[in-house]
Every structure is written in C-alpha cells, then in structure tokens.
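Work through the exercises below with the sequence and the coordinates at hand, and attempt each task before reading its solution.

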Amino acid sequence: SGASGSVDFTNVDISGTSNSGVYYTKDLKGELTGTIGTSAGAGIKFGPATSNDISWTSMDLSTNAVGIETAGSGTLTFMDSDFANTKDAVISGSGTIDFVEGTVDSTTVEVTGSGVFNRLRSLEVTVTADTNAVSGSNVVLKDGSGNPTGSAITDASGVATGLTFPTETVTSAGLNVESLSGYEAVTVAKVGTYSYT
C-alpha cells in the first residue's frame, strides 16, 4: 500500500492464487502482460485508491473466480482479450471496464457500485470519392439517437479505424442489450482542388 513508481510484469504465468493473481491497492505505473488463471479470487484486482486509466491487448484471463475486479475509479480497457471465468468482471466502485472485441460473457458481470461495464465492438469505415481514397477526414459513428459512440480520422488509404460501439452494458441495474438499429457514419471532407476569383 506504500508503493509508488513503476513496475513491469511481462509475459507472466500466474496460477493457483488464493486471493488474486495481481492486486493493485494504489496506482502503480507499468506493463502487465501474460496469463493469469485458477485464482480463487480475481485474476487482476484494483483497490478503491486506484484511479489510473489502463489498457491491455490480448490479455488471457480464464478459469478464475473473477476475471477483473475493480473498486477504483479508472477506466480499464481490454482489446482482443479472452475471458472465461465464473464472473468475468466485478465493479464495486465508480470505474469503467471497456471490453473491445475478444471473448467475454456479459451475463456473468456484477456491478454493485456506480461504475459501468461496456461490451464494445470495433468498426472500420472507408471513405472514398469517385473511387479515390479520402485521407484526413474525421468520421463520427452515431447511434440511433444521434449520440456519438466513436470517432477516427481516415489514413492515406481512406480508412478510419478504432471506431467502437456498445452491444451490451452492465450497471447496478443489470444487463442491458443495446439496440443497433439506426447507426450511421457521418463525415465531412474536402475533395479535389478548388480555386476562386
């Protein structure tokens, strides 16, 4: 609880822990990658004094009692990760867990605090004008109510990546399956060369 600074745990293989595989009682910078399984508690646990926003890619958290547990206030993001636990996530604080693509069972998620669990999918949008790629165009993805769910700028190939949209959310009120009808991608771009006198 008195720790500070940074520590890296890379390519770990943690199993059979009685409390949690890795437990952060306060914010600590550093990388955590690898496999955490067969824990009697959480694979990764965050205490109420934690507030950092942290992201993982291809994290394997399976066969634990709980995959990820947070009592903190930060946003924890998992990209293309695989969970298969008794409870894939538990949120007792005000924090947010964003799970993008990968494998997770939202019906096992438990939220008792004011936080939220978001099951997200990602989307790529290609912008062309007369078959020519349009680069540098800001693309906004909007849900059926007109609320933006993500934005990205097209690259040299005219592709905007990293757009996300929720398919399921879990709050203390329970699981909500989001409507996917009415979504649209909106963009405005300068196309071609213009001159005036």
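**Exercise 1.** Determine what share of the contacts between residues at least 6 apart in sequence joins residues at least 24 apart.

*Solution.* Begin with the contacts in the chain of this predicted model, taking as a contact any heavy atoms within 4.5 Å. Keep those between residues at least 6 apart in sequence, and then ask how many of these join residues at least 24 apart, which gives 35%.

**Exercise 2.** Describe the chain as a whole through its secondary structure, its extent and its burial.

*Solution.* Count the elements to begin with: the chain has 20 strands and zero helices. Next, take the C-alpha trace along its principal axes, where the spans are about 75 × 35 × 25 Å. Finally, apply the cut-off for burial, under 20% relative accessible area; 42% of the 197 residues then count as buried. The exposed area of the chain comes to about 10200 Å², of which carbon and sulfur atoms supply 47%.

**Exercise 3.** Locate the mean positions of the positive and negative charges of the chain and state how far apart they are.

*Solution.* The chain carries 8 positive and 21 negative charges, and averaging the positions of each set yields two points that lie 7 Å apart.

**Exercise 4.** Establish the strand order of the open sheet of three strands.

*Solution.* The pairing is antiparallel and the order is β17-β16-β20. The edge strands, β17 (148-153) and β20 (184-188), each pair on one side only, and neighbouring strands of this sheet are turned against each other by 20° on average, direction ignored. Looking at one pair, β16 (residues 138-142) joins β17 through five bridges in the antiparallel sense, with Val-140 opposite Ser-151 in β17.

Notes: Residues numbered from 1 in each chain as written. Predicted model: local features only at pLDDT ≥ 70, side-chain atom pairs only at ≥ 80, totals over all residues. Heavy atoms only, no water. Helix = DSSP H or I, 4+ residues; strand = E, 2+ residues; numbered from the N terminus. Buried < 20%, exposed > 50% of the residue type's maximum accessible area, 1.4 Å probe, protein only. Areas by Shrake-Rupley, 256 points an atom, 1.4 Å probe, with all protein chains shown as cover. Lys, Arg positive; Asp, Glu negative; His and termini not counted. Charge placed at Lys NZ, Arg CZ, Asp CG, Glu CD. Pairing = 2+ DSSP bridges. Axes fitted to C-alpha atoms, helices over the stretch in contact; angles between N-to-C directions.
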